[in-house]
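Subject: Structure for you to look through

Dear colleague,

I am handing over the structure we spoke about, and below it you will find my notes on what was found. Please keep the structure open while you read, and look up each place as it comes along.

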Amino acid sequence: MNFLFLRKITPQSSPFPWVQLLRKLPLSTFRRFPSSQATQFLFPVAILQRFLPKTQPSAMKRYMNTYLHTDIRKSVEHFNVLIDGYCRNGEISRAVELLEGMKTNGPAPDIVTYKTLINGFCKIGDVFTARKLMGEIFLVNLEPNVITYTTSIDAYCKIQCVEDARSMYDEMTVKGLVPDVVTYTCIMNGLCKSGKVEEAKSVFREMEEVGVVPNHFSYATLMDSLLKEGNEAEAFAFQGQMVVRGVGFDVVVYTALMDGLFKAGMPNGAENMFQVLLEESLVPNCITYSALIGGLCKLGDLNKGELMLQEMEEKCVSPNVVVYASIVDGYTKKGLLNEAMNVMKKMVQRNISPNVFVYGTLIDGYFKAGQQGIALDLFKEMKSVGLEENNFVIDSLVNNFKRSGRMDEANELLKRNSIKYERKENNIQKREESKP
């Protein structure tokens, strides 16, 4: 087995983790490949899929640039993994460059190429470009599959464009594609988030009528929304249906029930659900702890929230920005701004970047406490790290500027926000015009 291709695609001064692994593999690993040429063609795809998502962005970029300029024979699979790597790294423009290069120089993009890019654009909320790529699939004589349509449907639902999602659903059925449980659940989730729980229940019944079996995500989506509406009886009826049908309760289901019970004003039930989860020997994940800590902080029980944060860290469950944001919000609402600021500092120390919600909460809190200087320093810091102000931050700033007689600055902020709103409206109009 010849490993010369490793030296071709990897700078010796900065070896990648996958190279070290590959060098440790026994030769028997490669005996199924008929030739070194086949190995050079097939193995890098597996290597890319395994390690690109875990590689540091700068290292990934160096690898991609080096790899693309080698003489190793590449296939569409190689490019698909590279495109996925760029999308995961937030460099979707580079992914588009690769697509354009494939169209010009080969290999020709396939349905996976387009699905990956559609998913990438959907994740950043650019549904207009995702829809254009869907149209391009037909122009190059490729047929979108259920996964491609479901990806777009999910994206529309996440930005609460449920009618667009239903339009995509109708389009796929007209083309003879059969929606699966993931497709139906995405539509149900979008309807529930838009407050259309009755319509979501109709989709659930439709799914059953056509013979698609609901999974635990389907049930969790409905139960969570029913609990939030205060319809505990129907939510627990669906829970009973899961038991009768043998649909397993997993962390996702318990988390949805906990979240719904907290929002329905039943904190004791939510905490009991967490205990049941533990008794079932299930391992709570970050989202589970996020629901629990968020619910406790909204109740004002910050001590228990901090204890749960400590517990999840002891169990090697890494907190995310949502967990810290809940605690920051809880302290700020109690007027404990020093404690809230300390939580944000702890986030930064643990390499978790505060988001606009964290900054906005603190900015508003310091304004209300009459500490305008700290609030404005936080706003400048937020802008310096590349975060754009949302409506909550703008309202807080404008109200403070007006109270202190700084009308020019207030009007400038409102004008800037108006321009951003107009751009958003134009994007929506473009999306409407792009519909077939």
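A good place to begin is glycine 176, which follows helix α10 and has a positive phi, near 85°. Please keep in mind throughout that this is a predicted model.

Helix α10 itself covers residues 162–174, and its 13 residues should span 18 Å at 1.5 Å a residue, which agrees with the 18 Å that separates its end C-alpha atoms. The residues of α10 that are buried are Val162, Asp164, Ala165, Met168, Tyr169, Glu171 and Met172. When you look at such a list, it helps to remember that an α-helix has 3.6 residues a turn, so residues three or four places apart point the same way.

Now for the whole protein. Its secondary structure consists of 24 helices and zero strands, and of its 436 residues, 46% are buried. Among the contacts with a separation of 6 or more, 58% are made by residues that lie 24 or more positions apart. The accessible surface amounts to about 22,400 Å², and carbon and sulfur atoms account for 52% of that surface. The structure has zero disulfides.

Helix α13 deserves a slow look. Residues 216–228 form this helix of 13 residues, and the distance from its first C-alpha to its last is 18 Å, close to the 18 Å expected at 1.5 Å a residue. Is α13 largely enclosed by the rest of the structure, or largely open? Eleven of its 13 residues are buried, so α13 is largely enclosed. The buried residues include His216, Tyr219, Leu222, Met223, Asp224 and Leu227, and the buried residues of this helix pack against α11 (181–193), α12 (197–209), α14 (232–245) and α15 (251–263). At the start of α13, a side-chain oxygen of asparagine 215 comes to within 3.0 Å of the backbone nitrogen of phenylalanine 217, while just after the helix, glycine 230 takes a positive phi of about 85°.

Positive phi values also turn up in two residues that are not glycines. Cysteine 316, in the loop between α18 (302–314) and α19, has a positive phi of about 60° although it is not a glycine, and with 71% relative accessibility it counts as exposed. Asparagine 351 lies in the loop between α20 (337–349) and α21 (356–368), where it takes a positive phi of about 60° although it, too, is not a glycine; its relative accessible area of 72% makes asparagine 351 exposed. Another cysteine to look up is cysteine 286, which is buried, with a relative accessible area of 16%.

Helix α19 (residues 321–333) holds serine 326, and threonine 332 also has its place in α19. Serine 326 has a relative accessibility of 17% and therefore counts as buried, the cut-off being under 20%. Setting aside residues up to four places away in sequence, serine 326 touches Gly294 and Cys297. Threonine 332 counts as buried as well, at 12% relative accessibility. Which residues does threonine 332 contact, leaving aside its neighbours within four places in sequence? They are Leu337, Ala340, Thr361, Leu362 and Gly365. One of these partners, threonine 361, is 29 residues away from threonine 332 along the chain, yet their C-alpha atoms are separated by 7.1 Å.

In soluble globular proteins, nonpolar side chains tend to be buried together. Here the largest nonpolar core has 107 residues, and the members that touch the most other members are Leu117, Ile153, Ile293, Met312, Leu362, Ile363 and Leu378. Leucine 378 touches Met341, Met344, Tyr359, Leu362, Ile363 and Tyr366, not counting residues up to four places away in sequence.

Finally, please find alanine 95, which sits in helix α6 (residues 92–105) and is buried, with a relative accessible area of 0%. Not counting residues up to four places away in sequence, alanine 95 touches Ile83, Tyr86, Cys87 and Leu117. The C-alpha atoms of alanine 95 and asparagine 80 are 9.3 Å from each other, with the two residues 15 apart along the chain.

With best wishes

Key. Residues are numbered from 1 along each chain as its sequence is written. This is a predicted model: local features need pLDDT of at least 70, side-chain atom pairs count only at pLDDT 80 or more; totals for chains, interfaces and linings use all residues. Side-chain values use heavy atoms; hydrogens and water are left out. Helices (H or I, at least four residues) and strands (E, at least two) are DSSP runs, numbered from the N terminus. The expected span of a helix is 1.5 Å times one less than its number of residues. Buried means under 20% relative accessible area, exposed over 50%, partly exposed in between (1.4 Å probe, protein chains only). Contact means heavy atoms within 4.5 Å. A polar contact is a pair of N or O atoms within 3.5 Å; within protein, one must be able to donate a hydrogen and the other to accept it, and residues adjacent in sequence count only if both atoms are side-chain atoms. Accessible areas come from the Shrake-Rupley method with a 1.4 Å probe; for residues, only the protein chains shown count as cover. A nonpolar core is a set of buried Ala, Val, Leu, Ile, Met, Phe, Trp, Tyr and Cys residues joined through side-chain atoms within 4.5 Å. A disulfide is a pair of cysteine sulfur atoms within 2.5 Å.
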